[in-house]
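Reader: I should be grateful for a close reading of one helix in this model. Please set out how it is placed and then relate it to the other parts that can be described in similar terms.

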Amino acid sequence: MQPIGLYLHIPFCKGKCPYCDFYSVTPKDGIIDDYTEALCRRIERENRIFDTVYFGGGTPSLLGSERISKIMSVINRTENCEATLECNPSDTGGINSDFDFYAVKSSGINRISMGLQSANDEERRFLGRRSGADDAARAVKKAQSAGIENISLDLMLGIEGQTRDKLSDSINFCASLGVKHISAYILKLEQGTPLYRRRDSLSLPSEDETCDLYLFAAEKLAENGFFQYEISNFSVPGSESRHNLKYWHCEEYLGIGAAAHSFVDGKRFFYERNIDSFINGNPPIDDGTGGDREEYIMLALRLTEGLIFKNYESRFGSSIPEGFVRKAADFEKHGLTRVNKSSVSLTPEGFLLSNSIIFELLEEI
């Protein structure tokens, strides 16, 4: 049996960020311990081995190092397993924080993903972040001192009042900390979030200004040694997220936890967005099949390597239609794609129009 990825959803936050629509609640009355026990029970029932593990949320660092270590102890992992823990800077780098990076490193965690969003405190307040950039700096240094060198920081683009200079300062701040990976996401106003409800009163950058910030970020990150490998992800060579690459390569992964999704044996399924339901042992919900040609192409074109023809042919037993390549070549004339004998990929400019480009290309499949 081939190793697959394991995603663990930790649906707890001290407070909800105004832009976030991920499933999370404020923990009360011992619910974290009950949830940890439920996770362990589900993991122990799985007759699988995992080569990547990802604690996502929510705020997984709220579990604390002891619970995280307990969960890691029941996961059947390969020797070189990449194990990522999402952390909040204030929980792990605050002056009064007692989060033990040494303990989670000993448990097998070897990668940290941290939600910085911006090094500018005014921008961080707009995004509802509780801490300053100094907390993130302390958290990074603590993780590095414990021997966790593979660290990723998140940045947000298109924030109210954001300029090239402010974004440049945030990128330089990340680079100065010696991290290996940066994710740069364009702010999206998701329905049901506080920012969405306030959308008419916000002074966000225009679409053109946001596009300019995105292209500037890609250029500035490359200058600092972070090379783009996916629409929103940049890393020093060799530090790409192996777990997230499973999603984009349409490979298998098992999701455990309230609201967690899975893709195993060609089937998709998910747990409902309800902590009590998960703790009580309710099974995941069937979500049909996955991994067809269109989905595979759509995910591949999120990567800078793009759609590699030989991989497609090996998976589906047929060649990419000539019409697909011809249409991709038409986009190349406008600087939106790169086309050669072995692949089709999007340029940074193409990534900004990826939804419409991919939609038109898929019409040829």
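Author: The account below begins with helix α7 and then turns to other helices, strands and selected side chains.

The model is predicted: local features need pLDDT of at least 70, side-chain atom pairs count only at pLDDT 80 or more, and totals for chains, interfaces and linings use all residues. Residues are numbered from 1 along each chain as its sequence is written, and side-chain values use heavy atoms, with hydrogens and water left out.

Helix α7 covers residues 164-176. Helices (H or I, at least four residues) and strands (E, at least two) are DSSP runs, numbered from the N terminus. The expected span of a helix is 1.5 Å times one less than its number of residues. For the 13 residues of α7 this gives 18 Å, and the end C-alpha atoms are 18 Å apart, which agrees.

The buried residues of α7 are Leu 167, Ser 168, Ser 170, Ile 171 and Cys 174. These residues lie on the same side of α7, because they cover an arc of only 160° around the axis. Here buried means under 20% relative accessible area, exposed over 50%, and partly exposed in between, with a 1.4 Å probe and protein chains only. The arc is that of the directions from the helix axis to the C-beta atoms. On the face turned away from the buried side, α7 carries the exposed residues Asp 165, Asp 169 and Ser 176. The buried residues pack against β4 (111-117), β5 (150-157), β6 (181-186) and α9 (207-223), where contact means heavy atoms within 4.5 Å. Just after the helix, Gly 178 takes a positive phi of about 75°.

Helix α2 (residues 64-73) can be described in similar terms, with Ser 65, Ile 68, Ile 71 and Met 72 as its buried residues. Seen down the axis of α2, these fall within an arc of 125°, so they line one face of the helix. The exposed residues Glu 66 and Ser 73 are carried on the face turned away from that buried side. The packing partners of the buried residues of α2 are β1, α1 (31-45), β2, β3 (77-87) and α4 (101-107).

Two of those partners, β1 and β2, also pair with each other. Strand β1 (residues 4-10) is mostly covered, as seven of its seven residues are buried. It runs parallel to strand β2 (residues 50-57) over seven bridges, and His 9 stands opposite Gly 56 in β2. Two strands pair if DSSP finds at least two bridges between them.

Antiparallel pairing appears further along the chain. Strand β10 (residues 261-264) is joined to strand β11 (residues 267-270) by four bridges in the antiparallel sense, and Val 264 has Lys 267 in β11 as its bridge partner. Two residues lie between the strands of this hairpin, and Asp 265 takes a positive phi near 55°. Strand β11 is also joined to strand β12 (residues 285-289), again antiparallel, by three bridges; there, Phe 270 has Ile 285 in β12 as its bridge partner.

An open sheet of three strands has the order β13-β15-β14, with antiparallel pairing. Its edge strands are β13 (307-308) and β14 (337-339), each of which pairs on one side only. Two bridges join β13 to strand β15 (residues 343-346), and Ile 308 stands opposite Ser 343 in β15.

Among single residues, Glu 230 belongs to strand β7 (residues 227-230). Glu 230 counts as buried because its relative accessibility is 0%. Its side chain makes polar contacts with the side chains of Asn 233, at 2.7 Å, and Arg 302, at 2.6 Å. A polar contact is a pair of N or O atoms within 3.5 Å; within protein, one must be able to donate a hydrogen and the other to accept it, and residues adjacent in sequence count only if both atoms are side-chain atoms. Leaving aside residues up to four places away in sequence, Glu 230 touches Trp 248, Arg 302, Leu 303 and Thr 304. Elsewhere, Ser 90 in helix α3 (residues 89-93) has a side-chain polar contact of 2.6 Å with Asn 88.

Finally, the cysteines. A disulfide is a pair of cysteine sulfur atoms within 2.5 Å, and by this rule the count is zero. The sulfur of Cys 13 is 6.4 Å from its closest cysteine sulfur, in Cys 20, and is therefore too far for a bond. Cys 40 is likewise too far, with 16 Å to the closest cysteine sulfur, in Cys 81. Cys 13 is buried at a relative accessible area of 13%, and Cys 40 is buried at 5%.
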